[in-house]
Amino acid sequence: MRGSVVGTVFTLAAGALLTAAMTTASASPSAQDPAPAAPRQAVLVDCVWHRDVRPADFLLACGDGNSRLTDLHWTRWTAHGATAMGVNFVNDCKPYCAAGTFHGYLVTVRLDEPKPWKKHPSVQHYTRMRLTYHGARPEGFHRVMTYPLWD
């Protein structure tokens with residue numbers, strides 16, 4: 001009798017586990033169900049074709065190095081746009097650029113217009129940067145300067 005009780009308990013337990021496993025399997029998505037698409041995170045591409053997310057600094061004037069963003073603190077970085085506060089160090093080029101002095105200007109940086117990157121079409125990259133100067137700004141600059149970014 002003891003053997004049949006143990007066998008019955010074992011059979012019932014196995015049946016319960018099998019039922020639970022089948023219920024769980026039917027509730028989970030199948031391998032054929034497409035996974036929800038995660039939004040692509042856009043990147044910032046620099047002038048030497050490196051991509052970055054939330055960089056601490058960024059060279060604007062690649063040819064001569066006379067304008068650089070530093071101390072960037074990003075408050076937003078999404079698939080559609082990014083925003084940071086930082087400092088734009090710009091060479092005044094007086095009397096000429098090699099003898100000029102760099103001056104720092106507080107700016108808000110905004111990145112937008114993400115598009116597929118030509119080098120890696122599956123990667124979205126920001127194609128426009130807007131700098132908004134707070135207070136002083138370089139001679140000849142507008143309060144808001146807009147720059148196309150490299151592709």
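A residue is called buried when its relative accessible area is under 20%, and exposed when that area is over 50%. I write this down before anything else, and I also note that the model in front of me is a predicted one.

**Entry: V123**

I began with V123 and asked myself: is V123 buried or exposed? Its relative accessible area is 14%, and because the cut-off for buried is under 20%, I recorded V123 as buried. I then looked up where V123 sits along the chain, and found V123 in the loop between β6 (102-116) and β7 (124-133). Next I listed what V123 is in contact with, leaving aside its neighbours within four places in sequence, and I obtained V43, R51, K115, P116 and W117. I looked again at one of these, R51, which lies 72 residues from V123 along the chain, and the C-alpha atoms of R51 and V123 are separated by 9.6 Å.

**Entry: the strands on either side of the loop**

From the loop I moved to the strands, and found that β6 and β7 pair in the antiparallel sense over 9 bridges. I followed one residue across, L111, whose bridge partner in β7 is M129. On M129 I also looked towards β8, where the bridge partner of M129 is Y147. The strands β7 and β8 run antiparallel as well, and 5 bridges join them. I asked how many of the 10 residues of β7 are buried, and I counted 8, so that β7 is mostly covered by the cut-off I wrote down above.

**Entry: the whole sheet**

I then stepped back to ask in which order the strands of the sheet lie. It is an open sheet of 6 strands with antiparallel pairing, and I read the order as β3-β4-β5-β6-β7-β8. The edge strands are β3 (58-59) and β8 (144-148), each of which pairs on one side only.

**Entry: β4, β5 and T83**

On the other side of β6 I looked at the pairing of β4 (residues 67-77) with β5 (residues 82-91), which is antiparallel and runs over 8 bridges. As an example I noted R68, which stands opposite F89 in β5. My last residue was T83, which is found in strand β5. I recorded T83 as buried, because its relative accessible area is 16% and the cut-off is under 20%. Not counting residues up to four places away in sequence, T83 touches H73, W74, T75, R76, T108, V109 and R110.

Conventions. Residues are numbered from 1 along each chain as its sequence is written. This is a predicted model: local features need pLDDT of at least 70, side-chain atom pairs count only at pLDDT 80 or more; totals for chains, interfaces and linings use all residues. Side-chain values use heavy atoms; hydrogens and water are left out. Two strands pair if DSSP finds at least two bridges between them. Helices (H or I, at least four residues) and strands (E, at least two) are DSSP runs, numbered from the N terminus. Buried means under 20% relative accessible area, exposed over 50%, partly exposed in between (1.4 Å probe, protein chains only). Contact means heavy atoms within 4.5 Å.
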